[in-house]
Each structure stands twice: as C-alpha cells, then as structure tokens.
Amino acid sequence: MLENHWNGSILDEVETALKFASTMKWKGSHPVVKLVHKTYENRVKLTKKAIAKIEKQIERLTDSTHEVFPNLSNWFIDICCSKTKVI
C-alpha cells in the first residue's frame, strides 16, 4: 500500500519517506510511523516459543491451485492484524 501511495516518488530524504508514510491510509486508518535509528543485528534467531506465537498470527498459503505458484506455504502469508492500542 505504501508503494502505491508514494507512486514512484523519489524518497531521497528521511523526512520525505516519513511524510509519505504518515499521510498514507489503509482501510481508513493511518499507520503508526516511527523512525528507527539503530541497526538490526544479523543472524538473530527466534526461539521455538517465539516462533510458535508468531505462527498463531499468520496464515500460510498451502494447497494452492495456482499454476505458477502451486505451494508457497513458507513464503506467502497473511498477517492477521487487529487494532493496536496507542499508549
């Protein structure tokens, strides 16, 4: 949705990207936009317990009848969202 919203605009500055992200709407709601200043660590693995919790929130595309993508269960997912509480 964000790529459609910025419609090919050049995002060469942080402020530009944040402005586009903060003015976007999806299903009538504005996203929560935050600038992350830290670098993420490489090769971080989740515990089995953490993965199990995430697996409850997603739906995998299994048993697809699509001729080009017959079974992409590990790669195609639906993330089931609910409204987040803003603190």
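## Getting to know this predicted chain

User: What percentage of the 87 residues of the chain count as buried?
Analyst: This is a predicted model, and its chain has 87 residues. To count as buried, a residue needs under 20% relative accessible area. The share of residues that meet this is 7%.

User: How many helices and strands does the chain have, and in which pattern do they follow each other?
Analyst: The secondary structure comes to three helices and two strands. Going along the sequence, their pattern is α-α-α-β-β.

User: Where in the chain is confidence lowest, and where is it highest?
Analyst: Let's start with the chain as a whole: its mean pLDDT is 76, and 69% of its residues reach 70 or more. Strand β2, at residues 77-79, has the lowest confidence, with a mean of 66. The highest, at 89, belongs to α3.

User: How much of the accessible surface belongs to carbon and sulfur atoms?
Analyst: The accessible surface of the chain is about 8,800 Å² in total. Of this, the part belonging to carbon and sulfur atoms is 55%.

User: Among contacts between residues at least 6 apart in sequence, what percentage join residues at least 24 apart?
Analyst: A contact here needs heavy atoms within 4.5 Å. Taking the contacts between residues at least 6 apart in sequence, the share that joins residues at least 24 apart is 2%.

User: Which residues does Leu 18 touch, not counting those up to four places away in sequence?
Analyst: Leu 18 sits in helix α2, which spans residues 14-23. Its relative accessibility is 27%, so Leu 18 counts as partly exposed. Leaving out residues up to four places away, the ones Leu 18 touches are Val 33 and Leu 35.

User: How far apart in space are Leu 35 and Leu 18, C-alpha to C-alpha?
Analyst: Leu 35 lies in the loop between α2 and α3, while Leu 18 belongs to helix α2. Along the sequence the two are 17 residues apart. In space, their C-alpha atoms are separated by 7.7 Å.

User: Is Leu 35 buried, partly exposed or exposed?
Analyst: Beyond its neighbours within four places in sequence, Leu 35 is in contact with Val 14 and Leu 18. The relative accessible area of Leu 35 is 43%. Partly exposed residues fall between the 20% and 50% cut-offs, so with this value Leu 35 is partly exposed.

User: Is Val 32 buried or exposed?
Analyst: You will find Val 32 in the loop between α2 and α3. Its C-alpha atom is 7.4 Å from that of Ser 22, with their positions 10 residues apart along the chain. Exposed means over 50% relative accessible area, and Val 32 is at 60%, so Val 32 counts as exposed.

User: What is the phi of Arg 43?
Analyst: Arg 43 is in the loop between α2 and α3, and at 83% relative accessibility it counts as exposed. Arg 43 is not a glycine, yet its phi is positive. Most residues other than glycine have a negative phi. For Arg 43 the angle is about 60 degrees.

User: Which residues make the nonpolar surface patch of about 260 Å²?
Analyst: One of the patch members, Ile 54, is found in helix α3. Residues in a patch need over 30% relative accessible area, and Ile 54 has 41%, which makes it partly exposed. The patch of about 260 Å² is made by Leu 46, Ile 51 and Ile 54.

Note on methods. Residues numbered from 1 in each chain as written. Predicted model: local features only at pLDDT ≥ 70, side-chain atom pairs only at ≥ 80, totals over all residues. Heavy atoms only, no water. Helix = DSSP H or I, 4+ residues; strand = E, 2+ residues; numbered from the N terminus. Buried < 20%, exposed > 50% of the residue type's maximum accessible area, 1.4 Å probe, protein only. Areas by Shrake-Rupley, 256 points an atom, 1.4 Å probe, with all protein chains shown as cover. Patch = residues over 30% accessible without salt bridge, like charges linked within 9 Å, V, L, I, M, F, W, Y side chains within 5 Å. Salt bridge = Lys/Arg side-chain N within 4 Å of Asp/Glu carboxyl O. pLDDT = per-residue confidence, 0-100.
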